[in-house]
Amino acid sequence: MVTTVVGGRREQRTWARDALTDAFVGFLEASWAHSDAMKALSVDQANPGERAEEHYAEMRSRLTRLRLLASAQVLEAGQELLRRQRAVQEAPPGAGREQALEDAARARRRVVAAAKREMGL
């Protein structure tokens, strides 16, 4: 009986860690893809395009998973990155968009740092 309970808890911790890793990786991959899609737009294009919207939607989906699995500190960092990515979409082409992309990159590094702390790395 004891080994069943211990084994079940170990499996649950393994599942939670794997799910958290998947959520972090998916969130960050969508963020990088969103920034890449925005960089690929020509200077005179203000509309972010369908690809950028898809990546942003994926970030929102992954952030929902992080809400269920991660600490408040991770969630705050993730929400900030999501806001920064939205600012990239809303920024005017040119210098404004470049600054917004730099801000998003800084926020992404904070998410990576928070993820590493969360996972004990």
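In this predicted model, Ser31 sits in helix α1. Its relative accessibility is 0%, so Ser31 counts as buried, the limit for that label being under 20%. The side chain of Ser31 is nonetheless provided with a polar partner: it makes a polar contact with the side chain of Gln85, at 2.7 Å. Leaving aside residues up to four places away in sequence, Ser31 touches Met59, Leu81, Gln85 and Arg108.

One of these neighbours, Leu81, leads straight into the nonpolar interior. By the same way of counting, which omits residues up to four places away in sequence, Leu81 touches Phe27, Leu28, Ser31, Met59, Ala104, Ala107, Arg108 and Val111. Leu81 also belongs to the largest nonpolar core, a set of 30 residues in which Phe24, Phe27, Leu66 and Leu81 touch the most other members. Four helices, namely α1 (2-40), α2, α3 (72-90) and α4 (95-118), each supply at least two residues of this core. The greatest share comes from α1, which gives eight residues.

Helix α2 offers a helpful view of how one helix divides between inside and outside. This helix runs over residues 49-69. Its 21 residues, at 1.5 Å a residue, should span 30 Å, and the end C-alpha atoms of α2 are 31 Å apart, so expectation and model agree. The buried residues of α2 are Ala52, His55, Tyr56, Met59, Arg62, Leu63 and Leu66. These residues cover an arc of only 125° around the axis, and therefore lie on the same side of α2. The spacing makes sense, because an α-helix has 3.6 residues a turn and residues three or four places apart point the same way. On the other side of α2, the exposed residues are Glu50, Arg60 and Leu68.

Ala52 gives a closer look at the buried side of this helix. Located in α2, Ala52 has a relative accessible area of 0% and is therefore buried. Its contacts, not counting residues up to four places away in sequence, are with His34, Ala37, Met38 and Gln89. For one of these partners, His34, the C-alpha atom is separated from that of Ala52 by 5.0 Å, although the two residues are 18 residues apart along the chain.

Taken together, two buried positions frame this picture: Ser31, in α1, has Met59 among its contacts, and Met59 is one of the buried residues of α2, as is Ala52.

Notes
Residues are numbered from 1 along each chain as its sequence is written. This is a predicted model: local features need pLDDT of at least 70, side-chain atom pairs count only at pLDDT 80 or more; totals for chains, interfaces and linings use all residues. Side-chain values use heavy atoms; hydrogens and water are left out. Buried means under 20% relative accessible area, exposed over 50%, partly exposed in between (1.4 Å probe, protein chains only). Contact means heavy atoms within 4.5 Å. The expected span of a helix is 1.5 Å times one less than its number of residues. The arc is that of the directions from the helix axis to the C-beta atoms. A nonpolar core is a set of buried Ala, Val, Leu, Ile, Met, Phe, Trp, Tyr and Cys residues joined through side-chain atoms within 4.5 Å. A polar contact is a pair of N or O atoms within 3.5 Å; within protein, one must be able to donate a hydrogen and the other to accept it, and residues adjacent in sequence count only if both atoms are side-chain atoms.
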